[in-house]
Amino acid sequence: QVQLVESGGGLVQAGGSLSLSCAASGRAFSTYSMAWFRQAPGKEREFVAVISWIGDTTDYADSVKGRFTIFRDNAKNTVYLQMNSLKPEDTAVYYCAAGRWGNSATRYSYWGQGTQVTVSS
């Protein structure tokens, strides 16, 4: 079992930055790929970014490439999402997830409770 707790969400103006953290407890964090997803009101949950268990491989949704960076610290059981040049369309609840590599939510067995990110125009 892995428990995930996100933090770092908030309100920011367009063009600003936020850094999200996801702290994991439980066994074997370092063996899981970790991902961020987001869900805006009235929309389906969508993939944002994923990082391999060792941290050497990442993938991003086209909508965030060049603006967001995912990284992890296995010694601290934490995965991060640095978000720069934020846009109003980035407004959503952001979730971290642990599981197998991929961009589908079905690949991930463990989910956090989510943290709200709101970008004002």
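Two strands count as paired if DSSP finds at least two bridges between them. The model treated in these exercises is predicted.

**Exercise 1. Strand pairing**

Determine which residue of β8 is the bridge partner of Arg 72, and place the two strands within their sheet.

*Solution.* Step 1: β7 and β8, the latter spanning residues 78–83, pair in the antiparallel sense over 6 bridges. Step 2: within this pairing, Val 79 of β8 is the bridge partner of Arg 72. Step 3: the sheet is open, has 4 strands in the order β1-β3-β8-β7, and is paired in the antiparallel sense. Its edge strands are β1 (2–7) and β7 (68–73), each of which pairs on one side only. On average, neighbouring strands of this sheet are turned by 15° against each other, direction ignored. Step 4: beyond its bridge to Val 79, Arg 72 has its charged end over the ring of Phe 29, 4.7 Å from the ring centre.

**Exercise 2. Aromatic pairs**

Classify the ring pair of Tyr 32 and Tyr 110, and state where the two residues lie.

*Solution.* Step 1: a pair of aromatic rings is described by the distance of the centres and the angle of the planes. Step 2: rings pair if their centres lie within 6.5 Å, and planes over 60 degrees apart count as edge-to-face. Step 3: the centres of Tyr 32 and Tyr 110 are 5.8 Å apart and the planes stand at 80°, so the pair is edge-to-face. Step 4: Tyr 32 lies in the loop between β3 (18–26) and β4 (33–39), whereas Tyr 110 belongs to strand β10 (residues 108–111); the pair links distant parts of the chain, 78 residues apart. Both residues are buried.

Classify likewise the pair of Phe 71 and Tyr 80, and decide for each residue whether it is buried or partly exposed.

*Solution.* Step 1: the centres are 4.9 Å apart with 20° between the planes, and the pair is stacked. Step 2: buried means under 20% relative accessible area. Step 3: Tyr 80, at 18%, is therefore buried, while Phe 71, at 36%, is partly exposed.

**Exercise 3. The chain as a whole**

State how many helices and strands the protein chain has, and compare its radius of gyration with the globule rule.

*Solution.* Step 1: the chain has 0 helices and 11 strands. Step 2: its radius of gyration is 13 Å, close to the 14 Å given by the globule rule for 121 residues, so the chain is as compact as a globular protein of that length. Step 3: of the 121 residues, 44% count as buried.

How values were computed. Residues are numbered from 1 along each chain as its sequence is written. This is a predicted model: local features need pLDDT of at least 70, side-chain atom pairs count only at pLDDT 80 or more; totals for chains, interfaces and linings use all residues. Side-chain values use heavy atoms; hydrogens and water are left out. Axes are lines fitted to C-alpha atoms, for helices over the stretch in contact, and angles run from 0 to 180 degrees between N-to-C directions. Rings of Phe, Tyr and Trp (its six-membered ring) pair if their centres lie within 6.5 Å; planes under 30 degrees apart count as stacked, over 60 as edge-to-face and the rest as tilted. Buried means under 20% relative accessible area, exposed over 50%, partly exposed in between (1.4 Å probe, protein chains only). A charge sits over a ring if NZ of Lys or CZ of Arg is within 6 Å of the ring centre and within 35 degrees of the ring normal. The radius of gyration is taken over C-alpha atoms; the globule rule is 2.2 Å times the number of residues to the power 0.38.
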